Every structure is written in structure tokens, then in C-alpha cells.
Amino acid sequence: MAYTLEQLEEALGSVYSVRLAHLPTPLEPAPRLSAALGDVEIWIKRDDCTGLAFGGNKTRQLEYTMGQAVAGYYKGVLQGAASQSNHCRQIAAAAAQLGLRCHLLLQRDSHAPTPGHPAQGNLLLDSLFGAEIHWTDAPLGKAFDEAKKALAEKLRAEGESVYLIGGVTGKAYGAVGYVKAMCEMVRQWGDSAPDYLYTCASTATHLGLVTAREALGLRTRVEAIAPIVWDYDARLDLQRHVPTVAALLGIDLIGKPNAEDIHLDEGYVGPAYAVMTPEAREAIELTARTEGILLDPAYSGKAMAALIDHVRRGVVPPGSKVVFLHTGGTPALFCYADELTA
Ligand SMILES: Cc1ncc(COP(=O)(O)O)c(C=O)c1O
């Protein structure tokens with residue numbers, strides 16, 4: 001049931017979107033990083049360069065999720081996450097660009113500002129974009145989603161027109177952005193497809209990449225490295241929602257993917273979400289010093305740490321070609337100054 005690249009690209013055109021990203025992003029060889037690791041050919045897909053407030057994977061997703069807000073004539077949007085959320089920073093920028101009001105529900109976590117420690121990184125940028133910030137102590141997961149829904153109801157009761165980004169709908173529309181990214185990469189690598197595609201992903205990014213892989217019948221193995229362990233079964237969730245994304249595109253992937261084609265590695269999260277591990281620090285330093293490319297401690301640094309470990313342990317066999325999809329997250333680097341200089 002594989003579709004051609006042209007068919008999938010045509011299907012993408014049927015989903016309403018707004019233009020936010022600088023595309024295509026470059027797919028660049030990483031020769032010095034490859035040499036530092038041994039017999040492996042690493043390329044980096046520069047989705048840290050998607051544009052929109054320092055770039056990152058959310059730009060592509062927002063073309064479709066903010067597209068839903070615009071198509072529905074909403075006057076504002078609401079999203080929520082950790083205080084250093086890249087998603088929230090990019091939503092705040094997109095809302096400013098599209099003339100929408102932006103509400104963010106942020107978690108009062110260890111990076112939230114305290115007396116003497118003003119906002120840094122993504123949170124500082126949220127304010128610059130004029131987002132209205134609301135705080136909660138709810139832990140990420142079901143409790144947080146409930147808090148977000150309650151805030152949406154409160155704002156609507158006060159007369160605001162708010163589009164709530166998130167849930168299955170947000171995930172599925174966001175994933176369409178990564179179906180498009182996969183099409184872009186397939187055009188870029190042409191006849192020399194990689195053996196592996198490594199990236200930091202656990203929700204929409206992974207869902208989009210796997211949907212496109214199934215639709216195109218690709219052999220490249222998508223290896224998602226999780227930044228967080230969710231309070232639900234992320235593999236099952238992904239398997240359930242590939243047909244949902246396919247339905248948005250008007251294609252048929254019912255019954256796909258098979259469980260053995262889902263590769264989500266939760267072994268590099270470390271003690272907790274957004275806590276930098278020694279391996280992530282090594283990955284950040286190695287990538288910076290060999291390629292002049294910045295990664296971040298919560299997401300892309302942990303994904304690169306996994307790739308490095310997999311190459312060293314032979315999980316990625318010698319002679320393999322690997323594309324590392326860089327999902328961005330670099331504005332958060334400045335919040336980890338203590339850990340990065342310790
Ligand atoms: C830099 C970065 N990489 C990866 C991810 C994971 O993306 P997704 O949840 O779409 O799989 C995020 C999510 O916030 C992110 O900010």
C-alpha cells in the first residue's frame with residue numbers, strides 16, 4: 001500500500017496550513033563528528049534552522065496546528081508545558097506573527113524564575129513575544145492537560161476566543177509537519193537513503209516520521225530517542241494514531257505500523273525530563289567541537305548521546321549511514337550554564 005513521493009506531497013497540499021518555516025532546511029554531512037565516532041557516516045538534518053524565533057521542530061508542526069486556529073477564525077491560542085518549553089516559545093512567536101493572542105500555561109519547575117534569578121532562555125523569549133503567562137504546579141501528563149483544559153474554559157467563560165493546542169488533534173496536525181519533513185529529506189537524499197534516522201521525539205515528530213515511512217514504504221529505520229517517559233504507553237499511542245494522521249491526509253494506513261517497526265528508546269532520559277545527563281553534556285561538547293553545531297541538554301543532546309552510544313556499542317553497525325534530525329531547543333542552553341561549566 002505504498003504511495004509515491006508525489007502522491008504523498010499532493011496529499012499534504014490538502015491540509016490547511018500557514019507559512020511559518022524556512023524550508024527546506026539543509027541536510028549536511030558531519031565528517032568530523034563521524035570520524036570522531038569511527039566507521040559511520042553521519043549527516044545532520046538542520047531543523048534547528050527552520051526559522052521562527054531560533055528554529056526547531058515545532059515550526060513545522062505549527063504550520064498545521066496554528067493553521068487550524070486561523071482556519072477556525074480564533075482570536076487567540078492556548079498551549080502549556082514546562083517553563084523552558086520550546087513549543088511555547090515558538091507558539092508565542094507564531095501568534096505574534098499571525099496577530100493572535102497567546103496564553104501559555106507553564107509549569108512552576110526548577111527553571112521557573114525566582115527572586116534574584118529572572119527569566120532566561122525560552123521563558124524570556126515568551127515574554128518578548130507578548131505571551132500571557134499563567135503558572136501551575138501540575139506535573140506534566142494527565143494532570144497538566146486537565147489544568148490546561150480548565151484554563152481554556154475559564155478564558156472562554158471570560159469571553160475570549162481561544163484555540164486550545166494539544167490533545168490528539170494537536171498531535172495529529174503537528175505530525176503532518178513531519179510527514180512533510182520526511183518528504184523533504186527523501187528528496188534530499190535521493191538514491192542514497194540512510195540506514196537510520198535518529199532524532200529526539202516522542203509525540204508529533206515521531207508520529208509524522210513513522211506515518212511518512214509507512215506511506216512511502218521506506219526502509220530507513222526511524223529511531224526516536226525520548227526526552228521524557230510519559231504516564232501512558234507512548235508506543236501504543238503512536239501505533240493508534242498513524243491511521244489518524246493518514247486520514248487527515250486522505251490516505252489509508254489502517255492497521256499500520258506493525259509494533260516491530262516502532263523504535264522509541266526511553267533509555268537516555270536520565271533521572272528526569274530536562275535534567276542534563278553526563279552523556280548529553282559529552283554529546284553537546286563533541287558536536288560543538290567537531291561540527292560547530294549546538295545541541296540542547298533536554299532534547300537534541302540526549303538524542304545525540306544515544307546515537308554516540310549506539311555507534312560505540314555496535315547497535316549501529318560499522319559502515320552505516322545515519323541522518324541525525326536536529327530538532328533544535330538551543331535557546332534553553334543558557335539555562336544550563338551551571339551544569340555546562342561545572
Ligand atoms: C527541541 C525539541 N526536540 C524534540 C521534541 C520532541 O518533539 P515531539 O514531542 O514532537 O516528538 C521537542 C518537544 O518539545 C523539542 O522541543
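## Strands S7 and S8

In this predicted model, strand S7 (residues 196–200) and strand S8 (residues 221–225) run parallel and are joined by five bridges. Within this pairing, Cys200 has Ile225 of S8 as its bridge partner.

Strand S7 is mostly covered, since five of its five residues are buried. The covering extends to both of its faces: on one side the buried residues are Tyr196, Tyr198 and Cys200, and on the other side they are Leu197 and Thr199.

## Strands S3 and S4

A second parallel pairing links S3 with strand S4 (residues 101–107), here over seven bridges. In this pair, Leu78 stands opposite His103 of S4. Strand S3 (residues 76–82) has six of its seven residues buried, and it is therefore largely enclosed by the rest of the structure.

## The chain as a whole

The chain contains twelve helices and ten strands. Its radius of gyration is 19 Å, close to the 20 Å that the globule rule gives for 342 residues, so the chain is as compact as a globular protein of that length. The C-alpha trace spans about 60 × 50 × 35 Å along its principal axes.

Of the 342 residues in the chain, 48% are buried. Among the contacts with a separation of 6 or more, 80% are accounted for by residues that lie 24 or more positions apart.

## Two domains and the side that joins them

The domain assignment divides the chain into domain 1, which is made of two segments (5–56 + 176–341), and domain 2 (58–168). The C-alpha centres of domain 1 and domain 2 are 24 Å apart, and 31 residues of domain 1 are in contact with 29 residues of domain 2.

On the side of domain 1 that touches domain 2, the elements giving two or more residues are helix H7 (167–189) and helix H9 (234–249). Helix H7 gives the most to this side of domain 1, with five residues. Sorted by class, the side of domain 1 that touches domain 2 holds 18 nonpolar, ten polar and three charged residues.

## The surroundings of Glu63

Glu63 is placed in helix H3 (residues 58–71). Because 25 C-beta neighbours lie inside 10 Å of Glu63, and a residue needs 20 or more to be classed in this way, Glu63 counts as buried.

Leaving aside neighbours within four places in sequence, Glu63 is in contact with Ser17, Val18, Arg19, Leu20, Ala21 and Gly177. The C-alpha atoms of Glu63 and Leu248 are separated by 15 Å, although these two residues are 185 residues apart along the chain.

## The shell around the ligand

There are 17 residues around the ligand, and those that come nearest are Asn86, Thr205, Tyr299, Thr327 and Gly329. The elements that give two or more residues to this shell are helix H4 (86–98) and helix H8 (204–216). Helix H8 gives the most to the shell around the ligand, with three residues.

By class, the shell around the ligand consists of five nonpolar and twelve polar residues, with no charged residue among them.

Note on methods:
Residues are numbered from 1 along each chain as its sequence is written. This is a predicted model: local features need pLDDT of at least 70, side-chain atom pairs count only at pLDDT 80 or more; totals for chains, interfaces and linings use all residues. A residue is near a molecule or strand if its C-beta atom, placed from the backbone, lies within 6 Å of it. Helices (H or I, at least four residues) and strands (E, at least two) are DSSP runs, numbered from the N terminus. Ala, Val, Leu, Ile, Met, Phe, Trp, Tyr, Cys and Pro count as nonpolar, Asp, Glu, Lys and Arg as charged, and the others, Gly among them, as polar. The radius of gyration is taken over C-alpha atoms; the globule rule is 2.2 Å times the number of residues to the power 0.38. A residue is buried if 20 or more other C-beta atoms lie within 10 Å of its own, exposed if 12 or fewer, and partly exposed in between; C-beta atoms are placed from the backbone. Two residues are in contact if their C-beta atoms, placed from the backbone, lie within 7 Å. Domain bounds come from an automatic or database domain assignment. Two strands pair if DSSP finds at least two bridges between them.
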